[in-house]
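Below is a short walk through one protein model. It goes from the overall fold to the core and then to single residues.

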Amino acid sequence: MTSDNDAANLPAITDSPGMDASPEASRRWNHIGAIIVDATLQRRQNYNETVKPRVLALVAEWPDAATTSGFRQRLDTGKLSGVIDWPSPGRLAQVDDITRVLERQGIETVMELRSTLDDHATRAVLREALATVRHVSPKTLDYIDVLSRISTGQSVDGE
């Protein structure tokens, strides 16, 4: 779903922790937890007002969640809702489900995620596994590519 206000939803380039500040990297994170939370929250949300502040809070409060195992340890505390100020159990369950997929695929770091998505054979397996998670659409899969610095040539407007 797009609107006339989509340009306002695009994030500004930032020099925040966990984020690559290059001009091409306005939504690219070097933090697995940030990628998962961003990909989960972006559906039907204003990026600058809703998603970005929550992802920045996650990176600031959980710097050790930059790896999948670190993120899992933090998720298991049950405090994600408070850290990102998100009470909806549906999105929180989706975060957990995406994390489980990355765990099963043996993806620990953003670099490993990027390598998996760069390889045709492993990319297909990962995307198929992620597509089994509720609300992970083809646009969300392409958005995960963007967040992990993989160019798809696809637009990733709000869904």
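How many helices and how many strands does the protein have? This predicted model has 9 helices and 0 strands. Read along the sequence, the pattern is therefore simply α-α-α-α-α-α-α-α-α. Of the 159 residues in the protein, 47% are buried. Among contacts between residues at least 6 apart in sequence, 60% join residues at least 24 apart.

Confidence comes next. The average pLDDT of the protein is 83, and 77% of the residues score at least 70. Where is confidence lowest, and where is it highest? The lowest mean, 40, belongs to helix α1 (residues 6–9), while the highest, 98, belongs to α4. The pLDDT is below 50 over residues 1–25, a stretch that has 46 contacts in the model beyond near neighbours in sequence. Residues 151–159 also have a pLDDT below 50, and this stretch has 22 contacts in the model beyond near neighbours in sequence. Where pLDDT is low, the predicted coordinates should not be read in detail.

The core can now be described. The largest nonpolar core has 38 residues, and those with the most contacts inside it are V37, F71 and L113. Two or more residues of this core come from each of α2 (32–41), α3 (47–61), α4 (68–75), α5 (80–84), α6 (89–104), α7 (110–118), α8 (120–131) and α9 (138–147). Which element gives the largest share of this core? That element is α2, with 7 residues.

Helix α2 deserves a paragraph of its own. All of its residues, 10 of the 10, are buried, so α2 is largely enclosed by the rest of the structure. The buried residues are I32, G33, A34, I35, I36, V37, D38, A39, T40 and L41. What do they pack against? The buried residues of α2 pack against α3, α4, α5, α6, α7 and α9.

Several of these α2 residues reappear in the surroundings of other residues. F71, one of the residues with the most contacts inside the core, is in contact with G33, I36, V37, L58, W62, D64, A65, V95 and T99, leaving aside its neighbours within four places in sequence. On the side of α3, L56 lies in that helix. L56 and A34 are 22 residues apart in sequence, but their C-alpha atoms are 7.8 Å apart in space. Is L56 buried or partly exposed? With a relative accessible area of 24%, L56 is partly exposed, because buried would require a value under 20%.

L80 lies in helix α5. L80 has a relative accessibility of 5% and so counts as buried. Leaving aside neighbours within four places in sequence, the contacts of L80 are V37, L58, W62, L75, D85, L92 and V95. One of these, L58, is 22 residues away from L80 in sequence and 8.2 Å away in space, C-alpha to C-alpha.

The next step is the packing of one helix pair. How far apart are the axes of α4 and α6, and at what angle do the two helices pack? The axes are 10 Å apart, and the angle is about 145°. The crossing in which α4 passes α6 is left-handed. From α4, the residues T68, F71, R72 and L75 take part, and they meet V95, D96, T99, R100, L102 and E103 in α6. By class, this contact has 4 nonpolar, 2 polar and 4 charged residues.

Two residues of α6 can be set side by side. R100 is located in helix α6, and at 39% relative accessibility it counts as partly exposed. R100 and T68 are 32 residues apart in sequence, with 9.0 Å between their C-alpha atoms. Q94 is also in helix α6. Why does Q94 count as buried? Its relative accessible area is 4%, and the cut-off for buried is under 20%. Not counting residues up to four places away in sequence, Q94 touches T40, R43, V133, R134, H135 and V136. T40 is among the buried residues of α2, the helix that gives the largest share of the core.

Note on methods
Residues numbered from 1 in each chain as written. Predicted model: local features only at pLDDT ≥ 70, side-chain atom pairs only at ≥ 80, totals over all residues. Heavy atoms only, no water. Core = buried A, V, L, I, M, F, W, Y, C linked by side-chain atoms within 4.5 Å. Buried < 20%, exposed > 50% of the residue type's maximum accessible area, 1.4 Å probe, protein only. Helix = DSSP H or I, 4+ residues; strand = E, 2+ residues; numbered from the N terminus. Contact = heavy atoms within 4.5 Å. Axes fitted to C-alpha atoms, helices over the stretch in contact; angles between N-to-C directions. Left-handed = near helix turned anticlockwise from the far one by under 90°. Nonpolar A, V, L, I, M, F, W, Y, C, P; charged D, E, K, R; others polar. pLDDT = per-residue confidence, 0-100.
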